[in-house]
Amino acid sequence: MKLDQIDLNLLVYLDVLLRERNVTRSASLLGITQPAMSNGLRRLRETLGDPLLVRTSEGMAPTERAQTLQPLLREILASLEQVIEPSGAFDASTSDRVFRIMTSDYGESTLLPRLLKRLRKQAPNIVLDIMTPSDMSFTEVEQGLVDLVINRFDTMPQSFHQKTLWTDSFSCLFAVDNPISHNFCLETYLQAKHVWVSKTGMGAGMGITPKDIKRLGWVDEALEAEGHKRQITVFTRHYQSAVLMAQQKGLIATVPTRAATAQSDNPRLIIKKPPFHIPDFELKMAWSPLLQHNVAHQWLRNLIGDVAAT
């Protein structure tokens, strides 16, 4: 089949279909009718000689051919966008582009408020779609389905571009009426009950127990290195929830210092330096190589880097 016989719009259809795995939702995102989307899927099946998406008990699932095509398709579409995108500077002041940013609530509470303040002044029509780390996998980020991932990472695909936004330490939060406030030391820290907060992660999360030291993260690994273990009584994946729980008498939350200092004016909480050494960590911004040369993307990365530096 010759290239001039292929409707390039069908490639866009296929990209959305493989991501959403739902005809109705794909049609809505593309702004077309469901019959038009179904017709597009039929034409794609005829053109490629493969069902592409098949019905299962859990909904629509991609065939083996479709799974092979998906990363190639993302690369093709990203290259096409680069070809047809106007040369020159990105006009943020008039753009209504939607940027998808995946971040934990740590990044969402410490970085994004300042980013939104700058956007209101420089690019009031730009829209941010904030996603959580459990919404997508590294593979989907690599395909350019998300503009940026802002988080702390143990590992990251080598193909990703990345930039360190800042380095942060840890602090302890507990209620003013917590008995530990009168004698805060390693011994009383270990005797207290603790709130654990998810350290990082991509893709669907799994359950965790106090015995999973290697999965518990920096705080517990630092304690283990000194031959100690804390008493975790509740697990949460949200820093804001940990802050609220720390206001309960008898509980301690050990969280990043930037998240802790946001509670500086909270009369119900005390902020203390941990009674043992916890290595600092880096908050990083990462993105797919498919988006490296996109001018709009470059503008957003520069803006976020500037906001983080201030």
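Reader: The axes of helix H2 (residues 23-30) and helix H3 (residues 34-48) come within 8 Å of each other. Why is this pair called roughly perpendicular?

Author: Happy to start there! The two axes cross at roughly 110 degrees. Angles under 35 degrees count as roughly parallel, over 145 as roughly antiparallel, 65 to 115 as roughly perpendicular and the rest as oblique, so H2 and H3 are roughly perpendicular to each other. Axes are lines fitted to C-alpha atoms, for helices over the stretch in contact, with angles from 0 to 180 degrees between N-to-C directions.

Reader: What kind of model is this?

Author: The model is predicted, with pLDDT of at least 70 needed for local features and 80 or more for side-chain atom pairs, while totals for chains, interfaces and linings use all residues. Residues are numbered from 1 along each chain as its sequence is written, and side-chain values use heavy atoms, leaving out hydrogens and water.

Reader: Which residues of H2 and H3 meet?

Author: From H2 come Val-23, Thr-24, Ser-26, Ala-27 and Leu-30, and from H3 Gln-34, Met-37, Ser-38 and Leu-41. Contact here means heavy atoms within 4.5 Å.

Reader: How do you know how far helix H1 (residues 9-20) should reach?

Author: The expected span is 1.5 Å times one less than the number of residues. For the twelve residues of H1 that gives 16 Å, and the helix reaches 17 Å from its first C-alpha to its last, close to the expected value. After H1 comes Arg-21, with a positive phi near 55 degrees.

Reader: What makes S10 mostly covered?

Author: Six of the six residues of S10 are buried, a word that means under 20% relative accessible area (exposed is over 50%, partly exposed in between; 1.4 Å probe, protein chains only). H1 has buried residues too, among them Leu-10, Tyr-13 and Leu-14.

Reader: And what makes S7 and S10 a pair?

Author: DSSP must find at least two bridges between two strands. S7 and S10 have five, in the antiparallel sense, with Cys-172 opposite Thr-254 in S10. S8 and S10 pair in the parallel sense over three bridges, and there Lys-193 stands opposite Leu-251.

Reader: Where do these strands sit in the sheet?

Author: The sheet is open, with five strands in the order S9-S8-S10-S7-S11 and mixed pairing.

Reader: Why are S9 and S11 called edge strands?

Author: Strand S9 (231-236) and strand S11 (269-272) each pair on one side only. S9 pairs with strand S8 (residues 193-197) in the parallel sense over five bridges, and Trp-196 has Phe-235 in S9 as its bridge partner.

Technical notes: Helices (H or I, at least four residues) and strands (E, at least two) are DSSP runs, numbered from the N terminus.
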